Amino acid sequence: MSWPSNQAFKVKPILRSPCLKKKILIFSDVHQDINKLSKIISHESADINVCLGDWFDSFFFDSDTDYKSTAIELREDFLTKPNNITLFGNHDVHYFFDNRHTICSGYTRKNHDLINEALGSEKMDVINKFHWFLFVDEYLCSHAGLNSHFLPPTIKNNEDIYKYLTNHVHFANINIRTNQPHWFYGAGRARGGPEKKGGLVWLDFDREFAPIKGLKQIVGHTYRKNGKVTEWRNTGNYCIDTNLSGWVTITNGKFEIKNYKDL
């Protein structure tokens, strides 16, 4: 497979750990628990830290201070480091863009204003550092996952998927800024949305996910009540939305599941 160069991984949405010879930490669904996240990042001491999205909204850390502190963490710490990468989650895009097609549970205008006030004049700099997806080795990482429903029949391999998604990033970035829909952030019927299947930030892992031949995925979005990283039917596809109780690392091609209780 002929992948694009990873030398400028801040631009190209692909990382190859054996080539980089680095440890990559992948976690998801922070939901404003930035103290717990700090402990995980410190413990793993990875070369590259990847968040699969959903920095905002929480049932537990939902004060005004929590919203502001999370936005400040993104602005002043996480996204200032070149080895940190984050993807969009559905609970991020509804605060970053005034697009009616992105609103979901947890959103209030008050929270929107708190986040935007905390980001201040650097808001667009912060938003522009978010990505819609990322390949780490053979794994497609996104907030919620990719269903083959959205792929044209001409797709033959993972390189085709990469090119197809990269092309759609352009349209998603335009549509989300112009109050239009796009399947990247469309909610499926399983989550009360109008689409047949959820898009990259909305696919339900339990009710909509299905493996794509030759592709492995790492996703968040669908909360695992047991707090454990879940593999979809022994297919090498994983959901890591665990309230930060579980995450994965990939070190020089070696995949590992980690647990907060082991810290």
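**Close-up views of a predicted model**

**View 1. Lining of the largest pocket.** The residues lining the largest pocket of this predicted model divide into 8 nonpolar, 9 polar and 9 charged. The volume of this pocket is about 680 Å³. The lining comprises 26 residues, and H31, F59, H91, Y223 and D241 are the closest to the pocket centre.

**View 2. The open sheet that contains strands 2 and 11.** This sheet has 6 strands in the order 5-4-3-2-11-12, and its pairing is mixed. Strand 5 (130-131) and strand 12 (254-259) form the edges, each pairing on one side only. Within the sheet, strand 2 and strand 11 (residues 246-251) run antiparallel and are joined by 4 bridges. Opposite I26 stands V248 of strand 11.

**View 3. The open sheet that contains strands 6 and 7.** Here 6 strands follow the order 1-6-7-8-10-9, again with mixed pairing. The edge positions belong to strand 1 (14-15) and strand 9 (230-231), each of which pairs on one side only. Strand 6 (residues 134-136) is antiparallel to strand 7 (residues 139-141), and 3 bridges join the two. One of the residues shown is V136, whose bridge partner in strand 7 is Y139.

**View 4. The largest nonpolar core.** This core holds 54 residues, of which W132, L146 and L165 touch the most other members. At least two core residues come from each of strand 2 (23-27), helix 2 (34-44), helix 3 (64-76), helix 4 (90-96), helix 5 (109-119), helix 6 (123-127) and helix 7 (158-177). The most is given by helix 7, with 6 residues.

**View 5. Surroundings of L165, and a separate core.** Leaving aside residues up to four places away in sequence, L165 touches F133, L140, L146, W183, F184 and L200. Apart from the largest nonpolar core lies another core, of 19 residues, including V50, Y139, C141 and I218. Y139 is also the bridge partner of V136 in View 3.

**View 6. Helix 5 and its cover.** The buried residues of helix 5 are N111, H112, L114, I115, N116, A118 and L119. Among the elements that cover these buried residues are helix 3, helix 4 and helix 6. Just after helix 5 comes G120, with a positive phi of about 55°. Helix 5 is also one of the elements that supply at least two residues to the largest nonpolar core of View 4.

Terms used. Residues numbered from 1 in each chain as written. Predicted model: local features only at pLDDT ≥ 70, side-chain atom pairs only at ≥ 80, totals over all residues. Heavy atoms only, no water. 1 Å grid on protein atoms, 1.4 Å probe; cavity = no way out; pocket = protein on both sides within 12 Å on 5 of 7 lines; lining within 4 Å. Points joined across faces, edges and corners; volume = space filled by probe spheres on them. Nonpolar A, V, L, I, M, F, W, Y, C, P; charged D, E, K, R; others polar. Pairing = 2+ DSSP bridges. Core = buried A, V, L, I, M, F, W, Y, C linked by side-chain atoms within 4.5 Å. Buried < 20%, exposed > 50% of the residue type's maximum accessible area, 1.4 Å probe, protein only. Contact = heavy atoms within 4.5 Å.
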